[in-house]
Amino acid sequence: MPDPVISSSWPRVLSGMRPTGKLHLGNYMGALANWVKLQDKYDCYFFIADWHALTTDYADPSQIAPNTVEVMLDYLAAGLDPERSVLFLQSRVLQHAELALLLGMSTPLGWLERVPSYKEMQENLASKDLTTYGFLGYPVLMAADILLYQPDFVPVGQDQQAHVELTRELARRFNQFYKIGDREVLPEPKVLLTPSPKLPGTDGRKMSKSYGNTILLSDPEPVVRQKLKTMVTDPARVRRTDPGDPDKCPVGDLHKVFSSPETMAKVYEGCRSAGIGCIECKSWAADSLVKILEPIQQRRAATTDAQAIEILNAGSRRAAARAEQTMIEVREAMQMTLTTVAPS
Ligand code: SF4
C-alpha cells in the first residue's frame, strides 16, 4: 500500500543539504535553526541530497552513506521533528531522477555553463575532475528536487538565490512547452531568505568544512573549549595590556551570535579597556556555545543510527507519494502516457 499524501493548508517549503559529514555551527545558524522555526507555520519538506554528493564524489562514494546518517542525526538533534516535517533521502525518491531527466530535455546548455558556482566549484575542487555530465547537470537535478514538491517557498541563504532563480526559469520554460489544457503544472517557487549571521570559523574565515575551521554540533565540551582556545583574535591585541575591539575579532563575532547582552557588555568593556584577557573572553564564548549545544547533543545521544534510518525511510515514502502526484501531471503534460484509442 503506498503511503497516503498528508495534506496541509500551510504554505509548503522545501530545502536540503548534501551529506558532507557531521554538521557544524555554520550549517546550524545558516539553515538548520531557521528550518526548525519554519515547522511552526509551514508544511515542511527537508531532505538529504545524496545524489548531489555524487556529482563531486563519484570517484569515491564510500562516505556518502555514513555521512547521510550523521546529517540525519544532526537534523533530528537540532529539532527537526518527523511528526511535523517530511524528512527524506533524495535517492529513495526515484521521481527526482525522472523529473531531472525530463527537465534536462528542454534545458539549454548555455544556462548551465553560466551558473556562477559551476566554474567556481571546478576551481575550488581542482583535485577532482568535474568535467562531467553529472556535475554540469546538477542545477537541473536541484530544480527537479524543488519542483517535484511544488513548494511555495525555498528557504535559502543569499548565496544560493541564483539556484532558485534558475529553477524558476526552468519551470517557466517547461510550462511554456507543456501544459494540461491551459494549466501550468510546475508552479514557480519563491525564495524565502534565511537570515544568516556572520559566523567565523576558528581561523577567522567563514566557518566551512573545506577550511577545516569548524565547530561541530556534536563536538564534546572539551573539544569546543580547545577549539576556542586556538581561535584567532583581534590582531591589534598582541599583548595582554593592548586594548582590542570585539568588532574586529572573530571571537567577538561568536559572542554577538551566541552570548547574552550581559556577557556582550562585559566583552566590549573588558576588551576595549584591556581589562580582560583573550583567554577569559574565549572561555565565556565557550560557555555560551556549550549552552546552545547541550540540548542538541542530548537529543543526538538519545537517537540511534537505526532509528535515524527508519525515520528517513518513512519520510522518503511520504515524500515519494507527494512527488508521484506531481509526476502524474508532468507525464500527462508531456504526453508520456499511453491511452487506448477506441477502434473506429
Ligand atoms: S578580548 Fe575577546 S573580543 Fe577582545 S580580542 Fe580578545 S578574544 Fe577578541
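Two residues are in contact when heavy atoms of theirs lie within 4.5 Å. Keep that cut-off in mind during this tour, and remember throughout that the structure on your screen is a predicted model.

**First stop: Glu113**

Select Glu113, which you will find in helix α5, the stretch made of residues 109-113. If residues up to four places away in sequence are set aside, Glu113 touches Tyr118 and Leu136, so display the side chains of those residues as well. Is Glu113 buried, exposed or something in between? With a relative accessible area of 43%, Glu113 is partly exposed, because that class lies between the limit for buried, under 20%, and the limit for exposed, over 50%. Now add Gly26 to the selection and draw a line between the two C-alpha atoms: Glu113 and Gly26 are 87 residues apart along the chain, and their C-alpha atoms are separated by 29 Å.

**Second stop: the whole chain**

Zoom out until the chain fills the window, and colour it by secondary structure, which comes to 14 helices and 5 strands. Turn the view along the principal axes, where the C-alpha trace spans about 95 × 40 × 35 Å. If you switch on a surface, you are looking at about 17,400 Å² of exposed area, of which carbon and sulfur atoms supply 55%. Of the 344 residues in the chain, 49% count as buried. Among the contacts with a separation of 6 or more, 79% are accounted for by residues 24 or more positions apart.

**Third stop: helices α8 and α4**

Hide the surface and select residues 138-147, which form helix α8. How many of the 10 residues of this helix are buried? The count is 9 of the 10, and therefore α8 is largely enclosed by the rest of the structure. The buried residues are Tyr138, Pro139, Val140, Leu141, Ala143, Ala144, Asp145, Ile146 and Leu147, and it is worth clicking through them one by one.

From α8, move on to helix α4, residues 95-105, in which Gln95, His96, Leu99, Ala100, Leu102 and Leu103 are buried. Colour the elements around these residues, since the buried residues of α4 pack against α2 (50-57), β3 (85-89), α8, α9 and α14. The helix you have just left, α8, is thus one of these partners, and α14 will be part of the next stop.

**Fourth stop: where α3 crosses α14**

Two packed helices are described by the angle between their axes and the distance between the axes. Select helix α3 (residues 64-78) together with helix α14 (residues 305-333), which pack at an angle of about 85° with their axes 9 Å apart. That angle makes α3 roughly perpendicular to α14, because angles from 65 to 115 degrees are counted in that way.

Show the side chains where the two helices meet: Thr68, Val69, Met72, Leu73 and Leu76 come from α3, while Asp305, Ala308, Ile309, Ile311 and Leu312 come from α14. By character, the residues of this contact divide into 8 nonpolar, 1 polar and 1 charged. Stay for a moment with Ile309 in helix α14, which is partly exposed, with a relative accessible area of 39%. Its C-alpha atom and that of Ser210 are separated by 26 Å, the two residues being 99 residues apart along the chain.

**Fifth stop: loops and the segment after α14**

Select Gln158, in the loop between β4 (153-156) and α9 (161-177). Gln158 counts as exposed, at 59% relative accessibility. Add Thr194, which is 36 residues away from Gln158 along the chain, and you will see that the two C-alpha atoms are separated by 7.5 Å.

Continue to Ala274, placed in the loop between α12 (261-272) and α13 (278-301). Ala274 has a phi near 55°, a positive value in a residue other than glycine, and Ala274 is buried, with a relative accessible area of 14%. Then follow the chain to Gln335, in the segment after α14. Gln335 also has a positive phi, near 60°, but Gln335 is exposed, with a relative accessible area of 69%.

**Last stop: two cysteines**

Finish by selecting Cys271, which is buried at a relative accessible area of 9%, and Cys278, which is partly exposed at 26% relative accessibility. How many disulfides are counted in this model? The count comes to 0 disulfides, where a disulfide would need a pair of cysteine sulfur atoms within 2.5 Å.

Technical notes: Residues are numbered from 1 along each chain as its sequence is written. This is a predicted model: local features need pLDDT of at least 70, side-chain atom pairs count only at pLDDT 80 or more; totals for chains, interfaces and linings use all residues. Side-chain values use heavy atoms; hydrogens and water are left out. Axes are lines fitted to C-alpha atoms, for helices over the stretch in contact, and angles run from 0 to 180 degrees between N-to-C directions. Helices (H or I, at least four residues) and strands (E, at least two) are DSSP runs, numbered from the N terminus. Angles under 35 degrees count as roughly parallel, over 145 as roughly antiparallel, 65 to 115 as roughly perpendicular and the rest as oblique. Ala, Val, Leu, Ile, Met, Phe, Trp, Tyr, Cys and Pro count as nonpolar, Asp, Glu, Lys and Arg as charged, and the others, Gly among them, as polar. Buried means under 20% relative accessible area, exposed over 50%, partly exposed in between (1.4 Å probe, protein chains only). Accessible areas come from the Shrake-Rupley method with a 1.4 Å probe; for residues, only the protein chains shown count as cover.
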